[in-house]
Amino acid sequence: MISRKVDLKKLDVSRRGHASTYSTRYFEESVPRYEIPEQGMPANAAYQLVHDELNLDGNPALNLSSFVTTWMEPEADKLITENLGKNFIDHFQYPQAEVIQKRVVNMLARLFNAPEDEAAFAGAATVGSSEAIMLGLLAHKWTWKGRRQAEGKPYDKPNVVFGADVHVCWDKFAKYFDVDARVIPMEADRFTISAEAVAERVDENTICVGAVLGTTFTGEADPVKEISELLEEVKKKKGWDIPIHVDVASAGFITPFVEPELEWDFRLPRVRSVNVSGHKYGLVYPGVGWLVFRDVADLPEELIFYVNYLGDEMPTYTLNFSRGSAMILAQYYNLLRLGRAGYTRIANNLLGNARYLAQRLADSGKFDVLNAANRLPIVTVALKGAAGYTVFDLSHKLRERGWILPAYTLPPNAEDIAIMRVVVKENFSRDMADLLFDDIMNATQVLDGTKAERLEPQRSARRGHYVN
Ligand SMILES: Cc1ncc(COP(=O)(O)O)c(C=O)c1O
């Protein structure tokens, strides 16, 4: 028997440092993990170290969990790289980014059917929909407060009404900005809100009602039109002037193109503000969202700060001061490059691919399809009956093949329902839908024990060639 005792101290195997594979080539000492190194290192060494560590990340092209764009055209990449060093807030030094922001806000206001009598629409580029929602709701809180003050009424108990189907950023707003959240729970068989449930919760202290088109959980839509009609009635009967903020984080670049007749936007009189994520189906990389108001009067002047530190006197309505310009410019690039026709074509392709996958999953007999890409290119499924494994097991198993598909439970009162979601993005072809479907079938068979763990090369029934 060979016994060998290794002296770890001699080997200097510190848990606090990186000991890179390339250490003999690049490093003489290990690189600290949690302290700034005393000395720097050559650029190629630093690049290699960080690059290698990021190999642990998932493959963005197989990331079907997030709505966020993982691919743009090379020309967009070029524009982004050229503008990476420009701080958007330096309007004086880089005036065009601000001009372009205004153009995009106006384009979106028109896309969302804002009344044309506005000379220029109010809105802002944000880091994403979360910032846009917070700024939109903040504006409504301020308008409500101004009205209450003018009427000599108390303004210390604002509330906001929305469903449990919202993204976490709505709860964040309520907590961070000290507004009571009146959350409408989901039902075991209903995953959106109803106008009746809104009616039960609004009062004179309601700053806003939130409605979502394309909910994060199932991709479904709250009935914005019915809520708008209800709030019109409330205004007539009780005098409460309650606005709606519509969250179309992911639907904002899909629904206007594929269902232009659906009235969810500024055509409805109670809709005063809208957010959309440019980095979702706006088809831009992470880092851009948009807030659009119906009317300049919906953004109270007191919330706009004018600063002169950077040269000119400039107005700002953002939570953060500095931010990159590149993604705002990339959004403008996409709008010019694709036009309405291009966005429509892409949205229809995405829906086609998502519906194809949904159909195959339904036909397999293993899933209840909760959303077969009805409005958005999102497929949500629950396992049929007692499968002997869960969607969490399935999601985990698929990770072995590189697919990233989240599994989660729905919020109260539907928390007993566990679902898996596929977000279809531009790089997800019909062929990839087949590959994913085959891998899902394989994984279910391994999990229910009808197939051995090892993945054998198998012939795809539909395509007639080897798929793995
Ligand atoms: C409906 C909805 N609202 C808001 C957000 C937050 O958007 P962002 O990640 O752009 O801040 C998301 C994100 O997925 C969402 O789906």
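Seven strands of this predicted model make up an open sheet of mixed pairing, arranged in the order 3-9-8-7-6-4-5. The edge positions are held by strand 3 and strand 5 (180–184); each has a single partner strand, so one side of each lacks a neighbour in the sheet. From one strand to the next, the twist averages 20°.

Within the sheet, strand 4 (residues 159–163) and strand 6 (residues 206–212) are paired in the parallel sense, with three bridges between them. One of the residues concerned is valine 161, whose bridge partner in strand 6 is valine 209. Helix 7 (residues 168–176) lies across strand 4, strand 5 and strand 6, and runs at about 150° to strand 5.

Two residues may be described in detail. Glycine 123 belongs to strand 3, which covers residues 123–126. Phenylalanine 266 is located in a loop, between helix 10 (255–258) and strand 8 (271–277).

Is glycine 123 buried or exposed? Glycine 123 is buried, because 29 other C-beta atoms lie within 10 Å, and the threshold for that class is 20 or more. Phenylalanine 266 also counts as buried, because it has 24 C-beta neighbours inside 10 Å. Strand 3, to which glycine 123 belongs, is nevertheless one of the strands at the edges of the sheet.

The contacts of these residues, not counting residues up to four places away in sequence, are set out below, together with one C-alpha separation for each.

| Residue | Contacts | C-alpha separation |
|---|---|---|
| Glycine 123 | Val105, Ala109, Trp290, Leu291, Val292 and Phe293 | 8.2 Å to leucine 299 |
| Phenylalanine 266 | Phe112, Asn113, Ala114, Pro115, Val271 and Arg294 | 57 Å to glutamate 38 |

Along the chain, glycine 123 and leucine 299 are 176 residues apart, yet their C-alpha atoms are separated by 8.2 Å. For phenylalanine 266 and glutamate 38, 228 residues apart along the chain, the C-alpha separation is 57 Å. Among the residues that phenylalanine 266 touches is Val271, and strand 8 spans 271–277.

The model also contains a ligand, which has 15 residues around it. Which of these residues come nearest to the ligand? They are Gly128, Ser129, Ser130, His167 and Ala249. By class, the shell around the ligand is made up of ten polar residues, four nonpolar residues and one charged residue.

Key: Residues are numbered from 1 along each chain as its sequence is written. This is a predicted model: local features need pLDDT of at least 70, side-chain atom pairs count only at pLDDT 80 or more; totals for chains, interfaces and linings use all residues. A residue is near a molecule or strand if its C-beta atom, placed from the backbone, lies within 6 Å of it. Ala, Val, Leu, Ile, Met, Phe, Trp, Tyr, Cys and Pro count as nonpolar, Asp, Glu, Lys and Arg as charged, and the others, Gly among them, as polar. Helices (H or I, at least four residues) and strands (E, at least two) are DSSP runs, numbered from the N terminus. A residue is buried if 20 or more other C-beta atoms lie within 10 Å of its own, exposed if 12 or fewer, and partly exposed in between; C-beta atoms are placed from the backbone. Two residues are in contact if their C-beta atoms, placed from the backbone, lie within 7 Å. Two strands pair if DSSP finds at least two bridges between them. Axes are lines fitted to C-alpha atoms, for helices over the stretch in contact, and angles run from 0 to 180 degrees between N-to-C directions.
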